[in-house]
Amino acid sequence: MKYLLFFFWLFTALLAAQTPYLKQVERLIHQHQFDQALELLKAHQTDPEALYYQSVIHLVRGNIKRAIELAEKGLSKAQDKDRFYEWLGDIYSVKAQTANIFSAMLTAANIKKNWQKAIEFNPDNLKAKEKLFMFYLMAPEMAGGDQEQALKLAKEIAQKDTLRGRLLMARYYQKHKDVKRAEETYLSAFNQAPDSIHILRELASFYMNQKQFEKARRYVRRMLELKPEQAESYDFYGDFYLQQDKPDSALTQYEKAIAIDPFLYRIQFKKAKVLAQLGRKNEARAIAQKLLNKEVFFTMKRQLKKFIDEL
């Protein structure tokens with residue numbers, strides 16, 4: 001189930017806001033000012049978009065039951081029902097990852113059901129199809145995982161979007177330890193779109209997982225060349241160094257990322273972990289304690305408490 005969270009970093013859930021009040025809500029959420037965002041949303045209780053954002057905030061705070069209630073209420077009012085079914089699947093995926101094994105198995109059925117419903121309402125919703133592909137690929141068979149269904153979905157997606165389909169096939173081969181075909185497929189995707197940040201990241205991650213860091217370096221650097229203004233580029237560069245057990249170099253990159261966007265608290269947490277690794281425990285503790293007093297994702301809050309206790 002852990003890989004499901006690949007799809008579910010908080011801000012990927014946010015909509016491309018069209019109205020001024022929603023744009024302001026998005027800004028407040030990015031800055032972790034959730035109370036102010038909820039106050040703005042109070043005046044729009046009949047708007048499904050407002051219900052969507054409220055659901056996001058309650059999930060971040062760990063109130064999963066309320067997040068589901070708001071998403072279902074939004075679903076009943078929305079015209080684009082596939083997006084709300086997709087979001088419900090996302091919520092249940094988080095619930096599964098924070099539950100015990102037995103509860104996670106039961107929750108898995110709701111993950112699959114909602115992503116399937118999203119696809120029923122909109123067969124062109126490739127994001128929902130990709131999520132369902134990853135569910136089939138990574139979930140245990142007893143929880144609904146199905147390698148044949150994963151392969152079928154990957155081929156179906158490839159008919160609509162060749163590039164996305166290639167990436168999914170590469171993941172399929174990687175899952176099945178066919179490293180040669182996985183590499184060939186990733187490179188084929190790269191040749192099709194050499195300046196795609198998403199593809200560069202996937203290809204670099206593949207080589208990093210294979211411990212082929214010199215090959216990975218080319219694609220990590222290319223990401224930075226293309227998007228030097230984005231914190232995520234330096235964040236990924238930090239991960240690249242950390243996987244090679246180079247915490248000093250990783251720390252430099254994480255600090256560059258934080259300087260660009262101080263509201264990406266997950267990167268600050270990475271910085272704290274690296275500082276602890278370098279023996280700078282007082283600095284690490286200070287960062288973690290500060291984050292603990294912020295509005296961070298509820299699973300991160302648990303990790304921060306454990307991190308501080310173990311320092």
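**Exercise 1. Find the residues that make up the aromatic cluster containing Y186, and then look at one pair elsewhere.**

Start with the cluster: Y186 groups with F190, F206, Y207 and Y219, and these five form one aromatic cluster. Keep in mind that you're working with a predicted model here.

Next, zoom out. The structure holds 16 aromatic pairs. One of them is Y52 with Y53, with ring centres 6.2 Å apart and planes at 65 degrees. To classify a pair like that, recall that planes over 60 degrees apart count as edge-to-face. So Y52 and Y53 are an edge-to-face pair. Both Y52 and Y53 are buried.

**Exercise 2. Work out what R83 does with its charged end, and which parts of the chain its salt bridge with E49 ties together.**

Step one is the ring. The charged end of R83 sits over the ring of Y52, 5.0 Å from the ring centre.

Step two is the acid. R83 also meets E49 in a salt bridge, at 3.0 Å from N to O. R83 belongs to helix α5 (residues 81-97) and E49 to helix α3 (residues 48-60), so this pair ties together parts that are 34 residues apart in sequence.

Step three is the setting: R83 and E49 are both buried.

For another charge over a ring, look at K273, which lies over the face of F269, at 4.3 Å from the ring centre.

**Exercise 3. Take the salt bridges E184–K180 and R222–E225, and say where each one lies and how exposed its residues are.**

First, the overall count: there are 26 salt bridges.

Now E184 and K180. Their side chains meet at 2.6 Å, N to O. Both lie in helix α10 (residues 179-192), four residues apart, which is about one turn of the helix. E184 is partly exposed at 43% relative accessibility, while K180 is exposed at 58%.

Then R222 and E225. This salt bridge comes in at 3.1 Å, N to O. Both residues are in helix α12, three residues apart, again about one turn of the helix. R222 has a relative accessible area of 28%, so it's partly exposed, and E225 is exposed at 54%.

To finish, look for a network: E130, D161, R164, R171 and E202 are linked by salt bridges.

**Exercise 4. Decide whether D235 is buried or exposed, and list its contacts.**

Locate D235 first: you'll find it in helix α13 (residues 231-243).

Then check the accessibility. The cut-off for buried is under 20% relative accessible area. D235 has 1%, so D235 is buried.

Now the partners. Setting aside neighbours within four places in sequence, D235 is in contact with Y254, A257, R266, I267 and K270. With K270 there's a polar contact of 2.8 Å between the side chains.

**Exercise 5. Compare H32 and K211: what is the phi of each, and is each buried or exposed?**

Begin with the backbone. H32 has a positive phi near 60 degrees, even though the residue isn't a glycine. K211, also not a glycine, has a positive phi of about 65 degrees.

Next, place them. H32 is in the loop between α1 (20-30) and α2 (34-41). K211 is in the loop between α11 (197-209) and α12 (213-226).

Last, the surroundings. H32 has 11% relative accessibility, so H32 counts as buried. K211 has 56%, so K211 counts as exposed.

Definitions and conventions. Residues numbered from 1 in each chain as written. Predicted model: local features only at pLDDT ≥ 70, side-chain atom pairs only at ≥ 80, totals over all residues. Heavy atoms only, no water. Phe/Tyr/Trp six-rings, centres within 6.5 Å; stacked < 30°, edge-to-face > 60°. Buried < 20%, exposed > 50% of the residue type's maximum accessible area, 1.4 Å probe, protein only. Lys NZ or Arg CZ within 6 Å of the ring centre and 35° of its normal. Helix = DSSP H or I, 4+ residues; strand = E, 2+ residues; numbered from the N terminus. Polar contact = N/O pair within 3.5 Å; in protein donor to acceptor, adjacent residues only side chain to side chain. Contact = heavy atoms within 4.5 Å. Salt bridge = Lys/Arg side-chain N within 4 Å of Asp/Glu carboxyl O.
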